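Biologist: Could you take a close look at one loop in this model for me, and then follow the chain outwards from there? I would like the cut-offs behind each term as you go.

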Amino acid sequence: MHDHSPKGLSSMSTIISPAASEHRLSKGTIFLLAGLAALGTLSTNIILPAFSGMGTSLDVSSRDLGLTLSSFFVAFAFGQLLAGPLSDHLGRKWLVLGGLGVFVVGSVLCAAADSLPFLVFGRIIQAFGACAASVLSRAIARDLFDGEVLARALSLTMIAGAAAPGFSPLLGSALDGLFGWRPIFLVVAVFAMVLSLHYVTHIGETLPRRRPTLLKVSTFATAYGRLIINPHFLFPAASVSLIIGGLYTFFAAAPSILLDELGLSPVELGWTFAGTVLIVFLAGFLAPHLAGRWGQRRIGMIGLLIALVGSLLMFVFAAAPSFTSFTVVIAVYLFGMGLINPLGTAIALHPFGKQAGLASALLGFLQMSCAAVGASFASILPLAPLSSLALVLSIASGLAILTFIPVALSRQFKALPAHE
């Protein structure tokens, strides 16, 4: 196994991680990784069915409440750029606990909000805490595992992590109906505290030996600059980010399509999101098994092609949309996303074990940037909501395929994941 890190990237700190082979993939580890990875999506999806009640309470429109999503995406994206290298320098422990603590504070502020600006402020604080959790879920996985085990860990994390954001709209609609929208934010705060307790008691620091160096912004910038132009990172990371950006665009557009255009109730919206979990479960379960037989790069490309087919089929049904047709085409997209996400992520992070936090942060930044751009375009395009979503997903899938072609064809990438 070779480290293809860019020259000088490791100079920002000399971190010695524990040997990946000494750790096994336990249920407790999967719970932590999935919980950290899902926290941002959970805190977003759970409030979607409550938009109507939030709008009435704060005297704003559902369109105005879109600021709670876009502001979250932007803060989430940029916050990761700091959290990643800090975790490589200081270790994972204090970034995990600090991030979860910040998330709890932001959640409480959201629950107490009496105006849209105050709510947006709370969401930004939430995002800064959740972004650290998301970065560190991938970094910790890279600390502990390698090769096929890393791909399997990321697949299982995605499967388990999809359950929380998948079922959270159903929980959000129930909480909103029973208690109003404010307790929703307290529920996600409690979940973050449970994650903190589990981390302290079951996982702990995964980078126990560090030789600290002076932290400089210029050092971070140089390291990020070298990483972003490294093809071993750039091509698979860009592909995964474009597809994940499409997923978040779907989350942002779903209330408008399903509630306004197709006439579903908030509870039905929740059940729809819950149903998507089954698709992600299936794809995430199959991804490592298929990759073990035919290779990560080949299955990753197949996943991208499936996502593109689902995106293009959405145009076919956009003229006369129905709940059934929308469910079918988005399921096709999600299945393709479920294949490429863990495999592309493993390929992107595999060569950068000594800079796992940095690489994970840049990958997260790219993903949330694509999410922010996709969600913004889907909301401002002069098209029907479903047509706008179809256009954004089709463009994202097409670009993802183009950026993954070098990974699929170049022999340089062949040796990265084990058994490729």
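Modeller: Happy to. Helices here are DSSP runs of H or I with at least four residues, strands are runs of E with at least two, and both are numbered from the N terminus. With that in hand, let us start at Asp59, which sits in the loop between helix 2 (51-58) and helix 3 (67-90).

A word on the ground rules: this is a predicted model, in which local features need pLDDT of at least 70 and side-chain atom pairs count only at pLDDT 80 or more, while totals for chains, interfaces and linings use all residues. Residues are numbered from 1 along each chain as its sequence is written, and side-chain values use heavy atoms, with hydrogens and water left out.

Back at the loop, Asp59 is not a glycine, yet its phi is positive, at about 60 degrees. For burial, buried means under 20% relative accessible area, exposed means over 50%, and partly exposed lies in between (1.4 Å probe, protein chains only). Asp59 counts as exposed because its relative accessibility is 69%.

Helix 3, on one side of this loop, takes us to the aromatic rings. Rings of Phe, Tyr and Trp (its six-membered ring) pair if their centres lie within 6.5 Å; planes under 30 degrees apart are stacked, over 60 edge-to-face, and the rest tilted. The count by this rule is 6 aromatic pairs. One of them joins Phe73 and Tyr248, and it is edge-to-face because the ring centres are 5.5 Å apart with the planes at 80 degrees. Phe73 belongs to helix 3 and Tyr248 to helix 9 (residues 231-261), so this pair links distant parts of the chain, 175 residues apart. Both Phe73 and Tyr248 are buried.

Helix 9 also carries Phe233, which forms an edge-to-face pair with Phe352, at 6.1 Å centre to centre and 80 degrees between the planes. Phe352 lies in the loop between helix 12 (323-349) and helix 13 (356-380), 119 residues from Phe233. Phe233 counts as buried because its relative accessible area is 0%, and Phe352 is buried with a relative accessible area of 0%.

Now to helix 6 (residues 147-179), where Ser173 is placed. Contact means heavy atoms within 4.5 Å. Beyond its neighbours within four places in sequence, Ser173 contacts Pro49, Pro266 and Val267. Ser173 is buried, at 10% relative accessibility. Leu175 is in helix 6 as well, and counts as buried with a relative accessible area of 12%. Not counting residues up to four places away in sequence, Leu175 touches Gly180, Ile184 and Val187. The C-alpha atoms of Leu175 and Val187 are 9.3 Å apart, with their places 12 residues apart along the chain.

Finally, how far to trust all this. pLDDT is the predictor's confidence in each residue, from 0 to 100. The mean for the protein is 81, and 86% of its residues reach 70 or more. Among the elements, helix 4 (residues 93-111) has the highest mean pLDDT (93) and strand 1 (residues 14-16) the lowest (34). Residues 1-22 stay under 50 in pLDDT, although the model has 57 contacts for them beyond four places in sequence. Residues 414-420 also stay under 50, with 16 such contacts. Where pLDDT is low, the predicted coordinates should not be read in detail.
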